Every structure is written in C-alpha cells, then in structure tokens.
Amino acid sequence: MAKPNLYDLDLPALEALLGTWGEPRYRAKQIWEWLYRHLVTDVAEMTSLPQALRERLAGETRLSIPRVLARQESLDGETRKDLLQFEDGHTVEVVLMRYIERRSACISTQVGCAVGCQFCATGQMGFQRNLTRGEIVAQVLHLARELNAQDQRLTNVVLMGMGEPLLNYNHTLAAIRTLIHPDGFQMGQRRITLSTAGIAPGIRRFADEGVQVNLAVSLHAATDALRDELMPINRKYNLNELFAAISDYLTKTNRRVTLEWVLIDGVNDTFEQAEALAARTEGMLVHVNLIPLNPTAGYPGQPSSDVHIEAFTQILERRHVPFTLRLRRGIDIQAGCGQLRARMV
C-alpha cells in the first residue's frame with residue numbers, strides 16, 4: 001500500500017490519521033502550518049514536532065514534490081514557465097506572471113484536456129489523467145517557495161493552465177479549500193480565479209459551494225454554429241444552457257463572471273459576433289476579457305488585426321458591454337493562454 005501524500009490529506013483526514021497513532025489533534029494543524037505557511041519540503045524540518053513523530057511521518061507518509069524538468073523565461077523577464085514532473089512521470093506546465101504589484105501563478109488541474117478547443121495546445125494533446133488535490137496545490141507551493149527565496153510573495157492563483165477544472169471537480173475544489181483555509185495556505189478567496197470552458201452542471205454546482213473564488217468562462221463565440229466549431233463542448237452544453245447556468249450562478253452569488261474571448265482574425269472578431277455577444281450579455285453582471293489569439297502549431301488561425309479589434313471593441317462600447325483588452329504575455333516561450341502543453345523544449 002502506497003504511503004499517503006500529506007498534500008492529498010485535508011485537515012480532518014490528517015487529524016484522523018494522527019489519531020490512529022495516538023497523537024493529539026493539534027499536531028495536524030502544526031503539520032499544516034509547516035506545509036503551507038513555512039513551505040517545508042522535508043518533515044525533518046518540522047522542528048516543533050517531537051522527534052518520534054517526525055520519524056514516523058517520514059516512514060509512513062510522503063511529500064510528493066514535483067520535479068522541475070525544464071524552465072523558460074520570457075525575454076521581457078515578466079513571465080516564466082516550468083515543466084513539472086509528478087511521481088508517475090506525467091508532466092504539466094505552470095506559469096509565473098510578474099506584474100508591478102502582483103505575482104500570479106497559472107496552474108493546471110489535469111494532464112492534457114478532453115474538451116478539445118481547436119485553438120488550444122492543451123486540447124490538441126488530448127486527455128491523460130486528472131491531477132489530485134495535492135498535485136494541484138504542489139504547483140502553487142512550488143512557485144511560492146521560489147518567490148519567498150526572492151523576498152517576494154505569490155499574490156494570485158488562476159486555474160487557467162492545462163485541463164478543465166470542472167471536469168476534475170472534487171480534486172480542484174479540495175485544492176481550492178486548502179489554498180484558502182485559515183490553517184492552510186491562507187490565500188484570499190478573491191485572489192483565486194477558476195476558468196471553465198463552459199461545463200454548465202459544474203458552474204451550477206460551484207455556485208452552491210459558498211466560496212468567493214472568481215469564475216471565468218471561456219466563451220470565444222456567441223453563436224452556437226461558431227462555438228460548436230471552435231469548442232466542441234458546446235455541442236453538449238450549448239449557449240442557451242451555458243448562459244442559463246451563468247444566470248443561476250449570478251443569482252446565487254451576486255459575483256461578476258468574466259467571459260474570456262480569444263480574438264481570432266476573421267473568425268470571431270466580426271460585426272455579427274460582437275452584436276451577438278452584446279445581445280447575450282445584456283443586463284448581466286459580466287465582464288468580457290478580450291485577448292488576441294496566441295498561436296499554436298495545431299491551429300492555423302491568426303490573432304485579430306488592430307483594425308478588426310478596433311471595430312469589435314467599438315461595437316461593445318456602443319452596446320455598453322464592459323470589457324478589457326488584455327496584453328499578451330509569455331508568447332515567446334509558449335506560455336500564453338492556450339499555449340500550454342507538457343513537452344520538453
């Protein structure tokens with residue numbers, strides 16, 4: 001039987017394990033403090049614990065720390081991408097984005113992705129497996145350790161890397177709860193964003209969780225015919241069903257939803273798509289995030305031209321649709337939105 005990975009245990013599970021060893025419950029909180037506040041990578045470093053307990057933890061549990069196989073830094077120094085390998089040999093990419101006042105981690109929830117969006121490198125590689133709660137959290141801790149060594153702090157986490165978070169719902173939510181737990185990593189809930197390709201049942205379920213984590217929905221088209229083509233998941237959860245789920249989420253949480261829109265030249269940056277987007281979102285508490293397409297080897301589309309972007313945004317302005325046009329980051333190292341794919345360079 002495999003030794004349990006401490007990162008995979010929530011606090012009650014760790015308390016239960018220690019209880020079978022005859023240890024008091026408070027020891028579990030001490031261990032969590034070492035794991036998620038002090039970011040130790042070896043139980044021997046947990047010096048507030050008795051030596052006998054540390055030895056038993058070392059003998060009967062494990063800390064699954066991902067191995068860094070490759071690292072790339074963007075030319076502007078603002079973005080870094082690491083290829084991490086887990087114990088079974090599977091790999092994911094994790095991205096650190098540096099802003100003036102923020103340090104943001106873009107982390108993965110699956111190895112590969114089954115959703116298959118045409119323009120996404122992760123979708124092009126297919127689905128391999130879900131990550132566990134511990135493997136999701138370990139990506140955050142990896143970047144947090146490195147920032148701490150530079151006297152910096154990780155301020156934000158976006159679950160926008162490889163995979164569809166709502167198709168790995170239980171592990172993703174468990175990881176989020178560890179990150180926001182007062183005895184865990186203690187990250188502010190509103191500093192975490194979960195991005196989904198539009199898993200309508202998952203959005204409804206997420207609305208009932210009572211967390212204040214931000215929700216982003218990858219939309220990219222406002223008509224079913226085009227979205228079916230770009231995002232095959234739309235054939236299962238079409239736009240009417242998706243927007244009904246978003247509406248239910250807004251009603252229950254009163255939290256604004258971000259709609260992600262990758263601008264593809266001559267495809268979804270047209271007058272018709274802008275008008276359809278405005279009609280779909282009228283009266284809704286949403287904000288549209290526009291970003292020119294990041295190129296991938298498996299998709300021939302190109303980012304929208306400045307002329308098309310200007311025309312598209314003018315329509316949104318006229319129709320009073322709130323939006324932001326985002327700067328692309330990490331394109332030179334394939335670390336931008338939709339470019340992550342577990343591979344050696």
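**Strand β8 and its neighbours**

Okay, let's start with a piece of the fold: strand β8, helix α7, which covers residues 200-207, and strand β9 together form a right-handed β-α-β unit. Keep in mind that what we're looking at is a predicted model.

So how do β8 and β9 line up? They run parallel, with 4 bridges joining them, and β9 takes in residues 214-218. If you want a spot to find on screen, look for Thr193, which sits opposite Asn214 in β9.

Now go to β8's other partner. Strand β7, residues 156-159, is also parallel to β8, and here 3 bridges make the link. Here you can look for Val157, which faces Ile192 in β8. There's a helix to go with this pair too: β7, helix α6 at residues 169-180, and β8 build a right-handed β-α-β unit.

Is β8 itself buried or exposed? All 5 of its 5 residues, 192-196, are buried, so the strand is largely enclosed by the rest of the structure. And that goes for both faces: Ile192, Leu194 and Thr196 are buried on one side, and Thr193 and Ser195 are buried on the other.

Okay, one last stop, away from those strands. Find Gln30, which belongs to helix α2, residues 26-37. What does its side chain do? The Gln30 side chain makes a polar contact with the side chain of Arg27, at 2.7 Å. Leaving aside residues up to four places away in sequence, Gln30 touches Ser48 and Leu49.

That's my tour, thanks everyone.

Key: Residues numbered from 1 in each chain as written. Predicted model: local features only at pLDDT ≥ 70, side-chain atom pairs only at ≥ 80, totals over all residues. Heavy atoms only, no water. Buried < 20%, exposed > 50% of the residue type's maximum accessible area, 1.4 Å probe, protein only. Helix = DSSP H or I, 4+ residues; strand = E, 2+ residues; numbered from the N terminus. Pairing = 2+ DSSP bridges. Right-handed = clockwise from strand over helix to strand, strands pointing away. Polar contact = N/O pair within 3.5 Å; in protein donor to acceptor, adjacent residues only side chain to side chain. Contact = heavy atoms within 4.5 Å.
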